[in-house]
Amino acid sequence: MSEKPKSDVLDRRRFLGAAGLGAAGLAGAGAMLPSLAKAGPAPTPDPAITEIQDWNRYLGDGVDRRPYGVPSKFEKDVIRRDVSWLTASPESSVNFTPLHALDGIITPSGVCFERHHGGIAEIDPAQHRLMIHGLVDTPLVFTMDDIKRMPRINKIYFLECAANSGMEWRGAQLNGCQFTHGMIHNVMYTGVTLKTLLEQAGVKSNAKWLLLEGADSAGMDRSLPLEKALDDVMIAYAMNGEALRPENGYPLRAVIPGWQGNLWVKWLRRIEVGDMPWQTREETSKYTDLMPDGRARKYTFVMDAKSVITSPSPQAPLKHKGRNVLTGIAWSGRGTVKRVDVSMDGGRNWVEARIDGPVLNKSIVRFYVDFDWNGEELMLQSRAIDETGYVQPTKAELRKIRGVNSVYHNNGIQTWLVHPDGVTENVEIA
Amino acid sequence: MSKSLKALAGLAVVAAMTLPLAQAGAEHKPGHKAAKEAAKEAKAKAPAAPVKLGLGRPALPEEIAAWDIDVRPDGQGLPPGRGTAREGDALFQEKCSTCHGEFGEGVGRYPVLSGGHGTLKADRPDKTIGSYWPDATTVYDYVRHAMPFGNARSLSNDEIYALTAYLLNMNDVIKDQDFELNQDNLAKVKMPNADGFYEDDRDVAEKSFWKKDPCMKNCGPAPKVIGRAIAIDVTPDDKAGPKVD
């Protein structure tokens, strides 16, 4: 791989970015559209145009045929996928959001990744209760109707599993951003603030921690600092405008903005108020991060700034020379994403990507780089910077501090190697 | 923490004052400017006074007892009961060994529960109850919540004490097979890795990740590929995904 063509691409990119030019500016920059420039045999008419298609002739389905719509059959590969060797059983396991095929910032509910510890609890909402007890003035029980009569809020947040990218600590292992980065989703939640709920019971002055517990067969329980609970935690019953999906906690779940997904207790049925953490299995045996000296970090709640290029990526190879769109997502548990940089030469040179769409606190943002590709090899990377000034580190920088056995919180920069034929693979570089 | 607690405690008082005043102001529109101002001022000091919505009902003691099954490191939540490792052995073979092995060594990909002592600095650490878990109470709490996998909440309190004793015995934490583990002594059991954890220190230990001006141009030598996922070849085939109808 020679140095020159790469920097040419980057220079042109920088020019386009600086001049604020789109496709129209391309011709001015001296580029030619290959399909128009080629001389060859006389073009033959396109049958997709010259022949009458079935859908142009026959009636389609009526309005009574799809009471709850599903995606086109031509999108049947845009689905959650799992990696069976990862876990002992599919009931305590994880699957992955098809990031490579999505756009914008909202994850469609049907492909939001799942992580269960005892399978999906199928709960009759009429039989669901939320109990608040412990260090409160009045222990209370709420029905779903009670909760839906409380003042509502709507918020868009990312939920990232603490183990997202965890299989990549020792090196490039899974070939696709669905698998390396797909333990994340970003949806709009509707619900009530946890503060509202706690105020109904009246939290005693010596309270410091809450225990959140699910109604599922894992009885998932985690300790949550009261300070966070009163800040921005919400208890949600809807996502993307409709009731939560069963696999996402129907009828009620915790939403803990910016913090590791394990805390977002699904099928939430109980909140106990206490003065110290419970040290549950999920905050001792699991979700603690082993360091090189043999000790481990605990309560590593926040998910640091991170990003990934979703296309091109191993599951979304480049198919055309000339004009292309590079896109990806970035997020930070510490606030809003301020900037995303993209490199096409493995981190030697960077350009600022264009963020498009809503930029929200602790939410995914969508970024783009519109670029020309002449078939040269690329080493694609993205680097997120959040409002606190945190710059997404390289994997080497992370490993230098944490070693390779911390399991969780791998937010290192991802590299995709694009071959001259467009095939793209997950690589480690140094 | 203490700040927000004080704020919360303060809010209750403010709410008690604010609401009647605001109502009074609404009922007698003119001539109550002072009361209105006072209410406004109180509101400004406490922007989100708690509102009792009159929703929910008191939880009954029996209901709390039915659901409040968690156990803390200080022993809060431990129920009356007892058990020994010898008793736990028989139970473990019957209810647990299919997945976890006769001695907690794990079957297939199911979790290993014993051994691994002194491996936490090794290239491939073995994180078990004995080598890693900081609190004995977590064993009781977790088994009580979630085990056996597929038949949770089926064990009696005594059975859980016995199983906890067996697991601690398999890990050489309790040496005597006939030692009786109970409500009074479980929280006092000292685990080998009790001091192996510290609170999140990323703000300090990873301070270097907060950079003013990250390098944009000519940042070091040209990189080389040193690892490839396709060389490992463990990614599921796109065609092997679940069927969607």
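Colleague: In this predicted model, why is strand β9 (residues 221–225) of chain A described as largely enclosed by the rest of the structure?

Modeller: A residue is called buried when its relative accessible area is under 20%. Five of the five residues of strand β9 of chain A are buried, so the strand is largely enclosed by the rest of the structure.

Colleague: Which residues lie on each of the two faces of β9(A)?

Modeller: On one side are A:Asp221, A:Ser223 and A:Pro225. A:Arg222 and A:Leu224 are on the other, and both faces are covered.

Colleague: In which sense do strand β8 (residues 209–214) of chain A and β9(A) pair, parallel or antiparallel?

Modeller: Two strands count as paired if at least two bridges are found between them. Here β8(A) and β9(A) are joined by five bridges in the antiparallel sense. One bridge can be followed by residue: A:Leu210 has A:Leu224 of β9(A) as its partner.

Colleague: What should I note in the hairpin of β8(A) and β9(A)?

Modeller: Six residues lie between the two strands, and in this hairpin A:Gly219 adopts a positive phi near 50°.

Colleague: Let us turn to internal space. How many cavities of 30 Å³ or more does the structure hold?

Modeller: A cavity is a space where a 1.4 Å probe fits but cannot get out. The structure holds four of 30 Å³ or more, and the largest contains about 240 Å³ of space. This largest cavity is lined by 20 residues, of which A:Arg115, A:Arg253, A:Gly261, A:Asn262 and A:Lys266 are the closest to its centre.

Colleague: How many residues of each class, nonpolar, polar and charged, are in the lining of the largest cavity?

Modeller: The lining of the largest cavity comprises eight nonpolar, six polar and six charged residues.

Colleague: What is the volume of the second largest cavity, and which residues are closest to its centre?

Modeller: Its volume is about 90 Å³. The second largest cavity has 14 lining residues, and those closest to the centre are A:Leu99, A:Gly104, A:Thr107, A:Ile329 and A:Arg366. By class, this lining has seven nonpolar, five polar and two charged residues.

Colleague: Where in chain A does the lining of the second largest cavity come from?

Modeller: Domain 2 (99–297) and domain 3 (306–427) of chain A each supply at least three residues. Strand β7 (residues 184–193) of chain A gives the largest share, three residues.

Colleague: Which residues of chain A does UniProt list for "domain: Moybdenum cofactor oxidoreductase dimerisation"?

Modeller: The unreviewed UniProt entry lists residues 299–414 of chain A under that name. In the model, this span is 7% helix and 40% strand, and its end C-alpha atoms lie 25 Å apart.

Methods
Residues numbered from 1 in each chain as written. Chains lettered and ligands numbered in written order. Predicted model: local features only at pLDDT ≥ 70, side-chain atom pairs only at ≥ 80, totals over all residues. Heavy atoms only, no water. Buried < 20%, exposed > 50% of the residue type's maximum accessible area, 1.4 Å probe, protein only. Helix = DSSP H or I, 4+ residues; strand = E, 2+ residues; numbered from the N terminus. 1 Å grid on protein atoms, 1.4 Å probe; cavity = no way out; pocket = protein on both sides within 12 Å on 5 of 7 lines; lining within 4 Å. Points joined across faces, edges and corners; volume = space filled by probe spheres on them. Nonpolar A, V, L, I, M, F, W, Y, C, P; charged D, E, K, R; others polar. Domains from an automatic or database assignment. UniProt positions renumbered as here; feature names shortened; annotations may be inferred.
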